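Subject: Structure handover and findings

Dear colleague,

Please find below the structure that I am handing over to you, together with its sequence. My findings follow underneath.

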Amino acid sequence: MAARRTLKAVLVDLSGTLHIEDAAVPGAQEALKRLRGASVWIKFVTNTTKESKQDLLERLRKLEFDISEDEIFTSLTAARNLVEEKQVRPMLLLDDRALPDFKGIETGDPNAVVIGLAPEQFCYPILNQAFRLLLEGAPLIAIHKARYYKRKDGLALGPGPFVTGLEYATDSKATVVGKPETTFFLEALRGTGCEPEEAVMIGDDCRDDVGGAQSAGMLGILVKTGKYRAADEDKISPPPYLTCESFPHAVDHILQHLL
């Protein structure tokens, strides 16, 4: 990893780190206020595909988080950018609440497959339609490949198993646009003027949040909320820069030791 510079940017995961569905992590709002008192860029980076950026912002504001739309960088945004770049007509395996982020994209007579977290779409007829498109040469764009995520009622399957199933059945490889891809983290920093070695990432997913950020040259802080399970920190190498109880503890460490 490159030599560390003065910390200039903090990237923060949302679901599992600041909130779990409609409940905030205890103390997270106040911790965010304290972090805003430091002279650092703050960007909120998320693989969430269950809702549009606007719906996500409304959810966060109802939980009394002081966050603006331009501070949020989502994997949905990254996927739309790729669809426009490739000039394809995607079959969108997405939750209906995420579709506004693809408004204006032509989807008739699809020649590509875009897949996110879409429990209502993960049934045999729809997956088989995607399978046939891929056999005909359509590219597979995965918004992310998370194995699972945290809901109020417990852990739930993410899109990763379904992406992997389509890859296996069609002998193809998905283009993944969300975390843990290095390009995602670099895109999140665009416009901040910060290099990866000047940034730290806080998240509850050891592989996608922390491992991805550290592979991009950042520091990674793993929090024991959301999807965290005991010994997750042992699943990546190098291990997280820090593992702590929650987002407020991560902020405490940043303010005391990294600034």
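What is the volume of the largest cavity? In this predicted model, the largest cavity holds about 260 Å³. A search of the whole structure finds 3 cavities of 30 Å³ or more.

The largest cavity

The lining of the largest cavity is made up of 22 residues. Those that lie nearest its centre are S15, N47, T48, Y149 and K227. Two elements, β9 (148–151) and α7 (206–215), each give two or more residues to this lining. The largest share comes from β9, with 3 residues. Divided by class, the lining has 9 charged, 8 polar and 5 nonpolar residues.

The second largest cavity

The second largest cavity encloses about 100 Å³ of space. Its lining consists of K145, A146, R147, Y148, D204, D205, C206, R207, D208, K227 and D232. K227 is thus found in this lining and also among the residues nearest the centre of the largest cavity. Here the largest share of the lining, 3 residues, is provided by α7. As to class, 8 of the lining residues are charged and 3 are nonpolar, while no polar residue takes part.

The sheet and the helices on it

Please turn next to the sheet. How many strands form the open sheet, and in what order? There are 6 strands, arranged as β5-β4-β1-β12-β13-β14, and their pairing is parallel. At the edges stand β5 (72–74) and β14 (242–244), each of which pairs on one side only. On average, neighbouring strands of this sheet are turned by 20° against each other, direction ignored.

One pairing can be followed in detail. Strand β1 (residues 9–12) and strand β4 (residues 41–46) run parallel and are joined by 4 bridges. Within this pair, V10 has I42 of β4 as its bridge partner.

Two helices may be described in relation to these strands. Helix α3 (residues 75–86) lies across β4 and β5, and runs at about 55° to β5. Helix α7 packs on the sheet, where it touches β12 (199–203) and β13 (219–223). The direction of α7 makes about 165° with that of β13. Helix α7 therefore deserves a second look when you view the model, as an element that packs on the sheet and, by the DSSP runs that define helices, is one of those giving two or more residues to the lining of the largest cavity.

With kind regards

Key: Residues numbered from 1 in each chain as written. Predicted model: local features only at pLDDT ≥ 70, side-chain atom pairs only at ≥ 80, totals over all residues. Heavy atoms only, no water. 1 Å grid on protein atoms, 1.4 Å probe; cavity = no way out; pocket = protein on both sides within 12 Å on 5 of 7 lines; lining within 4 Å. Points joined across faces, edges and corners; volume = space filled by probe spheres on them. Nonpolar A, V, L, I, M, F, W, Y, C, P; charged D, E, K, R; others polar. Pairing = 2+ DSSP bridges. Axes fitted to C-alpha atoms, helices over the stretch in contact; angles between N-to-C directions. Contact = heavy atoms within 4.5 Å.
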